[in-house]
Amino acid sequence: MDLPVDEWKSYVLQKWSLLPKPVQVTISTAKTLSDIFLHTSSLLQPEDEMLLKRLSRGYFVGKDPEAPSFYREEGNKKFQEKDYTGAAVLYSKGVSHSRPNTEDSSLCYANRSAALFRLGQYEICLEDIIRAQMHGYPERLQPKMMLRKADCLVTLGRLQEASQTISDLESNFSANPTKEASPCQILQRNVHNLKMKLQEKKNLPETLPAALTKAFEDISLKEENRQISGASSSISLCSDPLKGRYLVATKDILPGEILVKEDAFVSVLNPEEMLPLHHSLQSKWRTRITDGDLYCHRCLKHTLATVPCDGCSYAKYCSQDCMQQAWKRYHSTECALGGLLLTLGVFCHVALRLTLLARFEDVDKVVRQLYDEISNKDLCSPESQNLDKPHNYSQWESEEKDRHVENPVLECSVNGKYENNYNAVFNLLHHTENHSPEHKFLSALSISILCRQLEATSLPAYATGLPSSKPKAAMTPELFADPRVICGMVMLRHMLQMQCNAQAITAIQQTGSKESFVTSSRQVRLATGIFPVLSLLNHSCSPNTSLSFSGTVVTIRATQQIRKGQEILHCYGPHKSRMSVAERQQKLKSQYFFDCSCPACHTEELRAAAGPRWEAFCCNSCRALMKGNAVLRCGTRSCTESISRDHLVARLQQLQQKVEMAQKVLRNGKLEQAIQQLLGCQQDAKSFLWTEHTIVGEIEDNLAQAYAALGDWQKSAVHLQKSLQVVEARHGPTSIEMGHELFKLAQVLFNGFAVPEALNTIQKAEKVLLVHCGSQSSEIQELQEMRSCLLDLPPALTEPSV
């Protein structure tokens with residue numbers, strides 16, 4: 001939810017439509033962000049704030065004292081069902097509603113430690129045991145938890161600590177005899193077994209974890225750039241009067257080479273369909289697992305053991321350190337505004353967080369630029385966008401127009417380096433002149449109310465930088481006596497920057513049942529971030545780089561050979577393998593305000609009538625490709641077949657419905673029935689869809705899943721190879737999509753003991769995925785494990801069975 005909730009958007013748009021025409025014109029033609037903010041905030045009425053407060057109350061982010069026991073009971077049910085992951089998350093929800101140093105908090109932590117123990121996460125289990133004790137875990141329950149602690153320590157090889165814990169446990173039994181003989185006997189028997197396990201562990205030779213040898217692979221650049229923070233020395237920052245700043249290769253670059261490794265300057269976790277709550281127990285205490293329950297709200301690390309904010313139930317972190325860092329830098333202000341920020345959307349939240357983070361950098365420089373704007377330098381007008389296009393600055397512009405300009409730019413620090421800092425973020429393009437008047441009004445009114453709420457609590461931000469900034473007489477310093485105006489102007493600037501500069505932070509998540517031998521993966525959007533260095537890259541619908549994320553860190557790798565002097569290009573979303581040229585052009589124009597003229601668009605425009613092959617139809621008579629617009633004709637000269645496009649589109653829609661029904665049957669575990677339905681869809685598709693059509697590949701992929709679930713690896717591999725052909729035709733042989741599909745095929749061949757074929761596919765999958773993801777990706781590591789396992793098999797088991 002990037003923008004505010006629909007009810008608030010509709011209300012604001014109606015308010016805009018009812019404004020007198022002169023007022024609309026004043027706001028629409030305002031040339032500075034200060035004018036837009038001040039004109040809009042003057043229109044703010046009490047009923048506006050009342051509506052937004054009502055909408056905000058729908059998002060319950062406080063701590064409910066009755067919730068911990070509810071979530072603990074629900075977690076216990078999952079634990080009994082042996083769904084330990086589900087149990088851990090529900091205990092975490094209980095922790096998030098618990099007040100610190102209460103029995104509720106300690107019980108939830110202790111129960112979660114039991115779930116983590118069953119999941120084999122022993123280090124984190126120990127951390128939860130410590131947390132339970134810190135929050136006052138009842139003395140009567142200590143022995144059971146101490147036994148779990150000792151078991152963890154033994155398993156981790158921390159034998160001296162384990163011995164001490166067992167000794168303490170035995171002392172506890174002696175000092176506190178219980179009348180209940182049976183539970184005590186069970187515990188003592190468990191202690192005896194644990195002592196035996198400890199002794200066995202002591203007799204084993206000490207070994208070093210194999211993972212340590214790979215721990216530091218692929219984590220840094222070979223040689224860092226002196227001109228650009230976090231960039232390789234293989235690239236350079238240039239500027240051009242027409243396209244602004246851009247990056248070029250300073251030498252030949254090979255596929256897979258890391259070009260940039262950058263941590264987000266700011267990021268906000270996406271709330272993931274967190275719908276407003278009604279005031280019933282069922283809706284207020286949700287048991288559904290979301291990304292907000294599984295990822296740290298600061299560093300985006302995946303965790304089942306979140307540490308909650310002490311003041312709200314929404315913000316959760318991977319550790320006490322992350323929680324304290326977030327509180328210090330921004331959450332101390334955001335905590336009381338949780339419901340309002342969820343109502344106003346992610347873009348508004350990022351704008352606030354950026355403004356709060358500015359306090360920790362050079363505030364004076366930002367305030368001086370705001371003074372410049374108010375003194376009629378018109379930073380919003382098109383001709384003044386030189387602020388964001390540094391190549392036009394006379395003091396730094398080269399006189400040599402015929403070659404790349406490699407000079408210091410406005411966003412650079414005093415040492416001439418472009419860095420990941422607030423100054424770089426502040427100077428990103430905000431395109432105020434391109435945004436619609438309605439969008440500017442919605443943004444400004446939302447920011448105005450947010451400023452009012454900040455003012456009602458404790459307004460931070462830019463006031464701290466004012467004393468050292470001396471305004472000139474011609475400026476209007478009286479505005480800067482009001483911190484709300486400063487915050488409003490800056491937050492509005494950031495909110496308008498978001499449309500063109502926000503970057504989706506993604507993660508690869510495994511899909512399918514836990515029992516499946518073959519896993520599928522999907523890319524999910526976890527958060528929205530701002531990456532100043534990544535923002536330097538221009539767009540291409542057929543880029544030469546690929547992005548991967550680890551938490552809040554983005555890694556940009558070359559996906560093909562890039563020659564010296566060639567531009568480094570990134571896809572903003574509309575990719576030639578996912579959208580037609582018309583769709584891409586429309587998307588880029590509406591969101592990024594430019595007409596794309598990349599080679600992919602130019603080539604496709606020349607043959608636009610044919611359309612993309614993944615949407616093409618074939619001749620029912622000779623199976624050749626059909627061509628045309630309203631009426632399609634066979635591409636074979638000797639064939640006279642023709643048919644209405646509308647008729648084929650209607651058939652396609654019917655087929656899609658049948659495929660969806662078969663997929664539902666497959667998800668319900670009715671494998672034989674799903675296969676029969678999918679085979680029928682397959683025959684239907686052959687009669688009118690081109691062999692590279694997306695639906696053809698989807699049917700084959702689903703058939704492969706069904707046969708794999710039945711353990712028929714041979715048939716699964718046959719259908720997956722057909723799906724692979726469709727993926728390769730659409731996305732290319734070196735695409736990330738091809739890598740994921742090869743990974744699935746490797747799993748199928750591995751499970752079918754087709755050793756030569758599996759080893760060959762593993763090699764192909766590795767070659768593709770290493771370029772896009774690096775050696776630390778989970779898929780690469782699993783491929784390496786499969787190879788090791790296959791190479792260790794005795795010769796008798798290596799005969800092909802697929």
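**View 1. Phe 70, partly exposed, and its ring partner Tyr 71.** In this predicted model, Phe 70 comes out at 23% relative accessibility, so it counts as partly exposed. Tyr 71, on the other hand, is buried, with a relative accessible area of just 3%. Their ring centres sit 5.2 Å apart with the planes at 70°, which means the pair goes down as edge-to-face. By the ring-pairing rule used here, the model has 11 aromatic pairs.

**View 2. An aromatic cluster with Tyr 422 and Phe 426.** Here we have Phe 265, Tyr 422 and Phe 426 forming one cluster. Tyr 422 and Phe 426 both belong to helix α18 (residues 422-426), 4 residues apart, or about one turn of the helix. Both are buried. With centres 6.1 Å apart and planes at 45°, their rings make a tilted pair. Phe 426 has a charged companion too: the charged end of Arg 493 sits over its ring, 4.1 Å from the centre.

**View 3. Arg 353 over the face of Tyr 330.** Here's another arginine over a ring: Arg 353 lies 3.8 Å from the ring centre of Tyr 330.

**View 4. An open, antiparallel sheet of 3 strands.** The strand order is β3-β11-β10. At the edges you'll find β3 (258-263) and β10 (545-550), each with a single partner strand, so one side of each has no neighbour in the sheet. Neighbouring strands are turned by 20° against each other on average, ignoring direction. β10 and β11 (residues 553-558) pair over 6 bridges, and Ser 550 has Val 553 in β11 as its bridge partner. Lying across β10 and β11 is helix α28 (residues 755-773), which runs at about 125° to β11.

How values were computed: Residues are numbered from 1 along each chain as its sequence is written. This is a predicted model: local features need pLDDT of at least 70, side-chain atom pairs count only at pLDDT 80 or more; totals for chains, interfaces and linings use all residues. Side-chain values use heavy atoms; hydrogens and water are left out. Two strands pair if DSSP finds at least two bridges between them. Helices (H or I, at least four residues) and strands (E, at least two) are DSSP runs, numbered from the N terminus. Axes are lines fitted to C-alpha atoms, for helices over the stretch in contact, and angles run from 0 to 180 degrees between N-to-C directions. Contact means heavy atoms within 4.5 Å. Rings of Phe, Tyr and Trp (its six-membered ring) pair if their centres lie within 6.5 Å; planes under 30 degrees apart count as stacked, over 60 as edge-to-face and the rest as tilted. Buried means under 20% relative accessible area, exposed over 50%, partly exposed in between (1.4 Å probe, protein chains only). A charge sits over a ring if NZ of Lys or CZ of Arg is within 6 Å of the ring centre and within 35 degrees of the ring normal.
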